[in-house]
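Here are some exercises to work through with the model open beside you. Try each task before reading its solution.

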Amino acid sequence: SAPENLLQAQGLEAGYGKIRILHNVDLAVRPGEIVALLGPNGAGKSTLMRALSGLLPWTAGDVLFDGKSLRGGTPRDAAQAGLVHVIEGHHVFTQLSVQDNLSLAGYDVRKHEREERIRDALAFFPEIEEKRHERAGALSGGQQQMLVVAQGLVKRPRLLILDEPSAGLSPVLVDRVFEVAARLRDGGTSVLLVEQLVEKALALADRLYAMAHGEIVLQADTKEPDLQRRLEEAYFGQH
Ligand code: ATP
């Protein structure tokens, strides 16, 4: 039977060298839900995302994706299982066309399937679809970031991790990314969203986790009453 959680981190610990950043982190994402991960600068949000997607090894605990451990796997292994991490600021190949950048993201699938995925991904982003035969360097900075998200979509994620997608985007493009996340959810894809725009993230997400000092300090449904007060306590009430 299918596990209830698509992603499940249990007792996760990870860090850099001898410095442990994540402490005993439990986090779950169910199929078809949007989960927001909030917390102050330096709380460990990006570190957690990197551990989940295989960019950073963890030292204790486990991450299950669709019931199977991702232990020891690379980001490529995670992506092939369906967990795709879109990293803000990741660079596209500016000399290559938009189309070729998307083809690279789908290098491991057959041409026919790849073309279909590229069409579907571009359907989310009309601004870049018009420019699919132009060099990616001809896109605006914000559009290049959209292209990075589209590259993630070409991998057909079951869970898409978006780390601060709004960073460096105009308000219009921020709305576009949030709209894409909502449409992905409608199609059954899960989204894990790290976002500094708390109000917007809460309006979009089904559930939230808040981190401080590398620990999960709050887990809640976004429809729960009194959330603002509980979030403030979680952010500032620690240690
Ligand atoms: P922000 O919103 O500012 O990105 P964050 O919640 O994502 O914050 P992280 O980037 O995960 O936090 O950082 C958590 C801690 O890990 C910080 O103390 C940071 O200085 C440290 N850290 C992050 N990356 C590294 C690294 N490559 N090497 C050493 N320490 C790091």
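## Exercise 1: Helix α1 and what follows

G54 comes after helix α1 and has a positive phi, near 85°. Keep in mind that this is a predicted model.

**Task.** Work out which residues of α1 are buried, and whether the helix is largely enclosed or not.

**Solution.**
- Step 1: find the helix, which covers residues 45-52.
- Step 2: go through its residues and pick out those with under 20% relative accessible area. You should end up with K45, T47, L48, M49, A51 and L52.
- Step 3: put that against the length of the helix. Since 6 of the 8 residues of α1 are buried, the rest of the structure largely encloses it.

## Exercise 2: The ligand shell

**Task.** List the residues around the ligand, sort them by class, and find which element gives the largest share.

**Solution.**
- Step 1: collect every residue with a heavy atom within 4 Å of the ligand. The shell is made up of Y16, I21, P40, N41, G42, A43, G44, K45, S46, T47, E164 and Q196.
- Step 2: sort them, which gives 6 polar, 4 nonpolar and 2 charged residues.
- Step 3: ask which element is best represented. Helix α1 takes the largest share, with 3 residues.

**Task.** Look at how Y16, S46 and E164 meet the ligand: which part of each residue is involved, and at what distance?

**Solution.**
- Step 1: start with S46, where a backbone N or O atom sits 2.8 Å from a ligand oxygen.
- Step 2: move to E164. Here an N or O atom of the side chain is 3.3 Å from an oxygen atom of the ligand.
- Step 3: finish with Y16, whose side chain has an N or O atom 3.4 Å from a nitrogen of the ligand.
- Step 4: turn to the ligand's surface. On its own the ligand exposes 630 Å², and the protein buries 57% of that.

## Exercise 3: Closed spaces

**Task.** How many cavities of 30 Å³ or more does the structure hold, and what lines them?

**Solution.**
- Step 1: count them; there are 2.
- Step 2: take the largest cavity, with a volume of about 80 Å³. It has 13 lining residues, and V86, E88, Q145, V149 and P165 are the closest to its centre.
- Step 3: trace that lining back to elements. At least two residues each come from β6 (83-87), α6 (141-154) and β7 (159-163), and α6 supplies the largest share, 4 residues.
- Step 4: class the same lining, and you get 9 nonpolar, 3 charged and 1 polar.
- Step 5: go to the second largest cavity, about 40 Å³. Its lining consists of L52, S53, G54, W58, L70, G73, T74, D77 and A78, divided into 4 nonpolar, 4 polar and 1 charged.
- Step 6: link back to Exercise 1. L52, a buried residue of α1, and G54, with its positive phi, both belong to this second lining.

## Exercise 4: The largest pocket

**Task.** Describe the largest pocket by volume, lining and contributing elements.

**Solution.**
- Step 1: its volume is about 680 Å³.
- Step 2: 27 residues line the pocket, with P75, A79, V84, H85 and K155 nearest its centre.
- Step 3: the elements giving two or more residues are α2 (75-81), β6, α3 (98-105) and α6. β6 gives the most, 5 residues.
- Step 4: by class, the pocket lining has 15 nonpolar, 8 polar and 4 charged residues.
- Step 5: compare with Exercise 3. β6 and α6 contribute to this pocket and also to the largest cavity.

Methods
Residues are numbered from 1 along each chain as its sequence is written. This is a predicted model: local features need pLDDT of at least 70, side-chain atom pairs count only at pLDDT 80 or more; totals for chains, interfaces and linings use all residues. Side-chain values use heavy atoms; hydrogens and water are left out. A polar contact is a pair of N or O atoms within 3.5 Å; within protein, one must be able to donate a hydrogen and the other to accept it, and residues adjacent in sequence count only if both atoms are side-chain atoms. Accessible areas come from the Shrake-Rupley method with a 1.4 Å probe; for residues, only the protein chains shown count as cover. Ala, Val, Leu, Ile, Met, Phe, Trp, Tyr, Cys and Pro count as nonpolar, Asp, Glu, Lys and Arg as charged, and the others, Gly among them, as polar. On a 1 Å grid over the protein atoms alone, a cavity is a set of points where a 1.4 Å probe fits but cannot get out, and a pocket is an open set with protein on both sides within 12 Å along at least five of seven lines; lining residues have an atom within 4 Å of a point. Grid points are joined across faces, edges and corners, and a volume is the space filled by probe spheres set on the points. Buried means under 20% relative accessible area, exposed over 50%, partly exposed in between (1.4 Å probe, protein chains only).
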